[in-house]
Amino acid sequence: MASAHPAVGLPAWRAALAGTSRDTRDTLFMLAVIGWTILPHLLRLAPWVAVLCTSVLAWRARLAWRQAALPGRGWLVLTLAVAVGLTLLTERTLFGRQAGVTLLVVLMALKTLELRARRDALVVFFLGFFLVLTQFLYSQSALTAVAMGLSVWGWLTALTLAHMPTGRPALRTAAAVAGRAALLGTPIMVALFLLFPRIGPLWAMPGAGARTGLSDTLQLGDVAQLANDDSIALRLRFTGRPPAAEALYFRGPVLSEYDGVRWRVDPFAPLRAGSGPSPAESQAPRYAYDMVLEPLRVPWLPLLDGTRALPASSSPLALLPGQPDAEGQWRLARPLGERVQVSAQADLQPPATAALRPAERRALVALPAGRHPRLQAWARTVQARLGASADSGARVAALLAYIRRQPFVYTLAPGSYGDDPVDEFWFDRRAGFCEHYASAVAIGLRAMGVPARIVTGYQGTDQLAVDGWYAVRQSHAHAWVEYWDDARGWARADPTAAVAPERILRSEALEPPPGLFGGAMEAVTPGLRQQLRRWAEGLDQRWSQWVLGYGKREQFQLLGRLGVESPDPATVARVLVGLLAAAGLAGAVWAWLDGRRRSPWQRLRSRIARRLAVHGVPLAPSDSLRTLAGRLQARHGGVAQAAADALLALEGHRYGRSAQEGLPAGWWAGFDAALSRVPRDNRAR
């Protein structure tokens with residue numbers, strides 16, 4: 001009764017699936033795996049890709065459910081042509097990462113509409129494995145690895161089902177076989193990961209991992225827009241006691257050219273080497289730190305201010321100079337497209353310069369004619385009141401005192417400004433973010449004749465460390481002022497500390513209001529969102545440190561702990577070749593043993609053949625059980641009817657609609673009893 005109604009007691013969807021043919025079930029499973037594999041791509045590609053692929057997969061599922069005929073090739077060619085045209089329209093090319101992935105995803109969906117032969121299924125399988133790899137062009141996080149690991153398991157299960165053509169094997173059985181196969185290959189995968197020689201990349205995908213970040217220009221509103229991004233820009237860990245939060249300035253682009261609207265970097269700064277004291281000569285205390293940098297948008301390394309010696313890195317950095325340039329910037333030949341870990345020391349001081357040349361001084365006090373007349377006139381009035389003997393520090397103090405006296409507001413949403421946003425901010429609105437304050441103070445100092453520039457980067461970290469690592473987020477993006485003092489050289493002035501001291505002293509960055517889901521979570525369980533975020537970021541940090549950060553240095557350290565003295569690339573290669581040779585030998589032995597091993601069905605056929613040979617009934621390798629039953633009846637007549645019926649029942653058990661593995665309960669005892677009534681063949685005896 002149970003075998004006649006296999007869907008009794010199952011959920012509705014499982015009962016409906018159990019009533020379908022095996023081909024329908026396997027097709028629906030493969031479509032589900034395809035959907036899971038391409039889902040992350042659909043969230044980042046053009047909207048038409050999601051609409052097209054979802055429609056095609058739903059159409060293919062409907063055809064499979066109804067066991068209807070597949071569409072003709074004309075529809076496929078037309079749809080493909082439309083997809084190519086839309087790709088050209090949205091990506092402006094058919095080459096490159098984004099366009100290539102778009103076409104791969106569309107081709108995967110369309111290929112399901114021509115699954116007419118085993119060859120087509122194999123093409124879909126291996127295209128699915130390739131699409132799994134393309135996910136890592138966008139993200140190499142732990143979450144992506146787990147999701148794609150499930151995807152690989154699904155594709156292995158689908159491939160296993162394709163190699164089990166008889167009967168109706170359960171999905172659970174195929175998944176178990178695929179899982180065991182993956183587990184058998186895991187030791188080799190781990191050995192290759194740990195011991196394969198680490199060499200520099202032979203090629204790089206331009207901007208493969210770049211995302212929102214600092215820019216080499218600044219216009220009012222840019223940093224406030226960046227501060228709405230709560231993603232992690234870098235992580236920081238100190239070897240000893242960490243310095244105070246207000247001393248943590250991560251130096252990015254230095255903007256010293258101003259055209260009245262936008263601040264820009266000096267393009268000739270990399271040509272002027274820094275002339276400050278070396279770390280050994282500096283009197284300020286130095287802090288050793290490790291930093292994990294996420295992919296960057298600009299070719300700058302936002303290291304701690306005062307990092308003067310070349311940092312050690314887990315992977316080669318593109319043409320990184322041996323020291324920072326004259327403005328204290330660490331520049332790369334191209335933006336950092338991958339996560340990298342560096343180790344360095346910093347004294348947390350601005351760069352030292354022996355003196356400013358007259359041309360440099362003129363450039364650093366220059367202001368465009370006709371711009372910000374109110375602020376320039378006010379600054380000259382303050383300078384006259386201070387007197388000609390006032391140094392640069394006194395002029396900076398006057399500007400900061402004005403900010404403290406007036407009702408300035410520190411906000412992410414100051415609203416839109418008019419044609420002269422600096423004058424309007426300084427005298428009328430008095431509401432802005434760090435770039436408003438830094439820009440106004442720098443312009444005021446230049447109007448007083450003090451060389452000044454704006455430095456962008458990050459300030460502060462999260463207050464709580466995760467496994468000893470402090471997170472620096474895009475919301476910690478900051479802009480401050482550096483001015484020239486004839487006695488001290490370059491000095492830092494942060495106007496934000498005058499209006500919002502908690503931002504600098506305790507690293508309390510402004511946060512945008514949470515969305516609907518985040519607000520609901522905070523209302524139900526206050527603090528849960530932050531706890532979940534810290535847990536996820538801690539997991540991602542461990543993944544970054546132990547997996548993504550595993551490089552040549554960690555490889556040599558591992559070999560050293562295993563007893564290898566003075567490991568080098570040649571030693572790594574020898575160890576890897578030895579392990580691969582041992583694995584190959586073990587595989588050959590296993591294959592030899594497996595070739596001599598017979599399946600339970602083969603052993604049962606041999607047992608039946610030996611038993612029937614006694615009664616003069618031969619069994620050829622190509623004979624089916626039905627052929628054997630007919631031969632038994634033809635030789636012995638009605639006395640062999642019961643034994644022949646037992647053979648037919650076994651054939652139905654193995655190859656029927658409800659086919660099952662194994663031997664039915666009591667079958668051999670019944671077959672043996674029926675065969676005992678059949679006369680024996682004396683010649684066979």
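In which helix is V49 found? In this predicted model, V49 is found in helix α3, which spans residues 47-66. Its relative accessibility is 0%, and because buried means under 20%, V49 counts as buried. Outside a window of four places in sequence, V49 touches L42, T102, V105 and V106. The contact with V106 links residues 57 apart along the chain. The C-alpha atoms of V49 and V106 are separated by 7.1 Å.

The nonpolar cores were examined next. The largest nonpolar core has 48 residues. Within this core, the residues with the most contacts are W378, I403, W426 and L445. Helix α14, residues 434-447, supplies the largest share of the core, with nine residues. A second core lies apart from this one. That core has 39 residues, including L45, V56, A83 and A121.

The surroundings of W426 were resolved residue by residue. Leaving aside residues up to four places away in sequence, W426 touches L375, W378, L399, Y402, I403, F408, A440 and V441. Two of these partners, W378 and I403, are themselves listed with W426 among the residues with the most contacts inside the largest core. A440 and V441 fall within the residue range of helix α14.

Helix packing was examined for α21 and α23. Helix α21 covers residues 600-613, and helix α23 covers residues 641-655. The two pack at an angle of about 170 degrees. Their axes are 14 Å apart. Angles over 145 degrees count as roughly antiparallel, so α21 is roughly antiparallel to α23. On the α21 side, the contact is made by W601, L604 and I608. On the α23 side, L647, L650, R654 and Y655 take part. The residues of this contact divide into six nonpolar, no polar and one charged.

The strands were considered last. Strands of a sheet pair through backbone hydrogen bonds, either parallel or antiparallel. Here, five strands form an open sheet. Their order is β6-β7-β5-β2-β11, and the pairing is antiparallel. The edge strands are β6 (312-313) and β11 (470-473). Each of these edge strands pairs on one side only. Strand β2, residues 232-238, pairs with strand β5, residues 287-293. This pairing runs in the antiparallel sense over five bridges. One residue pair can be named: the bridge partner of F238 in β5 is Y289.

Note on methods. Residues numbered from 1 in each chain as written. Predicted model: local features only at pLDDT ≥ 70, side-chain atom pairs only at ≥ 80, totals over all residues. Heavy atoms only, no water. Helix = DSSP H or I, 4+ residues; strand = E, 2+ residues; numbered from the N terminus. Buried < 20%, exposed > 50% of the residue type's maximum accessible area, 1.4 Å probe, protein only. Contact = heavy atoms within 4.5 Å. Core = buried A, V, L, I, M, F, W, Y, C linked by side-chain atoms within 4.5 Å. Axes fitted to C-alpha atoms, helices over the stretch in contact; angles between N-to-C directions. Parallel < 35°, antiparallel > 145°, perpendicular 65-115°, else oblique. Nonpolar A, V, L, I, M, F, W, Y, C, P; charged D, E, K, R; others polar. Pairing = 2+ DSSP bridges.
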